[in-house]
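Subject: Structure handover

Hello,

Here is the structure I promised you. Please open it first, then read my notes below.

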Amino acid sequence: MDKLTIKIILAVLILTLTACSSSEPELEKVPDKSAQALFVDARAALDSGLYQKAIQILGAIDSRFPFGPISHQVQLDLIYAYYKSGDAAQGIALTDRFLRLNPNNSNVDYVYYMRALINISTEENLFQDMAGIDRSDRDPTASKSAFEDFKRIVTDFPESKYAADSRKRMISIKSRLAQYELAVAEFYYKREAYASAANRGRYIVEYFSPSPEVEQALEMMVKCYEKLELDDLKTNTLQVLAANYPNNKLIN
């Protein structure tokens with residue numbers, strides 16, 4: 001049995017076990033209680049990992065008591081529940097609504113952080129990750145949106161408790177976006193669109209430094225300039241490559 005088959009079987013087993021262990025009882029009608037009493041029930045569901053139940057209760061509170069004293073906290077918890085349940089569309093919609101209606105709320109840094117996490121979650125794929133499939137050429141729109149939210153936290157809320165993690169995640173996303181640009185450059189290079197490939201490489205060097213992909217971008221530029229017989233640009237790029245990566249294979 002090959003490694004890919006084994007990985008897929010393991011993935012199926014993991015998902016099956018997870019579904020069995022985290023399956024929730026059939027949802028019941030939300031009882032007619034006070035907002036505070038329902039909120040206690042919702043928190044208990046969240047603490048137990050019963051996210052669909054929590055969503056049902058929190059949604060009921062939000063619709064029944066939209067202007068209550070705990071309305072903001074209900075929405076914050078609902079965003080978290082959507083994230084944990086994997087409902088990205090509802091999570092993004094609620095974060096957008098919260099930020100639009102409450103731009104000065106003391107928890108907006110948390111909302112930006114959660115929106116970024118939700119966007120990142122839309123790009124996760126257990127089967128492809130386990131099988132080692134390269135997904136560098138997939139649409140980076142969600143990563144770009146997440147990067148902008150993390151950047152906003154670091155810039156506008158430097159004292160936020162989410163700032164440190166946001167910085168780390170920005171580095172990871174920067175590498176992801178650079179990988180996408182490299183994949184596009186390779187696509188152009190294989191089709192002999194050397195000018196377009198070189199421009200993609202230059203874009204990586206200008207906007208994604210420092211990142212591990214910069215060295216490959218410089219290599220791409222050198223190859224393209226050689227094909228285009230642009231000797232001056234090739235020489236200049238080689239000098240940059242030599243200065244930053246002296247052990248690179250293209251350096252004589």
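A salt bridge here is a side-chain nitrogen of Lys or Arg within 4 Å of a carboxyl oxygen of Asp or Glu. By that rule, the count comes to 11 salt bridges. Please keep in mind that this is a predicted model.

**Confidence**

The mean pLDDT of the protein chain is 85. Of its residues, 82% reach 70 or more. Two stretches need a note. Over residues 4-26 the pLDDT is below 50. That stretch has 20 contacts in the model beyond near neighbours in sequence. The pLDDT is also below 50 over residues 126-133. There the model has 15 contacts beyond near neighbours in sequence.

**Salt bridges**

Side chains of opposite charge can pair when their charged atoms come close. Several pairs are described here.

Lys 33 forms a salt bridge with Asp 41. The closest N and O atoms of this pair are 2.8 Å apart. How accessible are the two partners? Lys 33 has a relative accessible area of 35%, so it is partly exposed. Asp 41 is partly exposed too, with a relative accessible area of 25%.

Next, Arg 97 and Asp 62. Their side chains meet in a salt bridge, at 3.1 Å from N to O. This pair links distant parts of the chain. Arg 97 sits in helix 5 (residues 88-101), and Asp 62 sits in helix 3 (residues 51-64). The two are 35 residues apart. Is Asp 62 buried or exposed? Asp 62 is buried, because its relative accessible area is 13% and the cut-off for buried is under 20%. Arg 97, at 29% relative accessibility, counts as partly exposed.

Arg 169 and Asp 165 also meet through their side chains in a salt bridge, at 2.6 Å from N to O. Both are in helix 9. They are four residues apart there, so about one helical turn separates them. Arg 169 is partly exposed, with a relative accessible area of 29%. Asp 165 is partly exposed, at 25%.

There is also a network. Asp 96, Arg 115 and Asp 149 are joined into one by salt bridges that share partners.

**Ser 160**

Where does Ser 160 lie? Ser 160 is in the loop between helix 8 (141-156) and helix 9 (163-190). Its relative accessibility is 13%, so Ser 160 counts as buried. The side chain of Ser 160 makes a polar contact with the side chain of Asp 109, at 2.7 Å. Leaving aside residues up to four places away in sequence, Ser 160 touches Asp 109 and Ile 153.

**The loop between helix 9 and helix 10**

Glu 192 is located in this loop; helix 10 covers 194-207. Glu 192 is not a glycine, yet it has a positive phi of about 65°. Is Glu 192 buried or exposed? Its relative accessible area is 59%, so Glu 192 is exposed. Glu 192 and Cys 224 are 32 residues apart along the chain. Their C-alpha atoms are separated by 8.9 Å.

**The loop between helix 11 and helix 12**

Helix 11 runs over 214-227 and helix 12 over 231-244. Glu 229 is in the loop between them. Glu 229 has a positive phi of about 60°, although it is not a glycine. At 66% relative accessibility, Glu 229 counts as exposed.

Leu 230 is in this loop as well. Leu 230 counts as partly exposed, because its relative accessibility is 34%. Which residues make the nonpolar surface patch? Leu 228, Leu 230 and Leu 233 make it, and the patch is about 210 Å².

**Where to look when you open the file**

- Asp 62 with Arg 97, the salt bridge that links distant parts of the chain.
- Ser 160 with Asp 109, the polar contact between side chains.
- Glu 192 and Glu 229, with positive phi of about 65° and about 60°.
- Residues 4-26 and 126-133, where the pLDDT is below 50.

Best wishes

Conventions:
Residues are numbered from 1 along each chain as its sequence is written. This is a predicted model: local features need pLDDT of at least 70, side-chain atom pairs count only at pLDDT 80 or more; totals for chains, interfaces and linings use all residues. Side-chain values use heavy atoms; hydrogens and water are left out. Patches are made of residues with over 30% relative accessible area and no salt bridge: like charges are joined within 9 Å, nonpolar side chains (Val, Leu, Ile, Met, Phe, Trp, Tyr) within 5 Å. Accessible areas come from the Shrake-Rupley method with a 1.4 Å probe; for residues, only the protein chains shown count as cover. Buried means under 20% relative accessible area, exposed over 50%, partly exposed in between (1.4 Å probe, protein chains only). A polar contact is a pair of N or O atoms within 3.5 Å; within protein, one must be able to donate a hydrogen and the other to accept it, and residues adjacent in sequence count only if both atoms are side-chain atoms. Contact means heavy atoms within 4.5 Å. pLDDT is the predictor's confidence in each residue, from 0 to 100.
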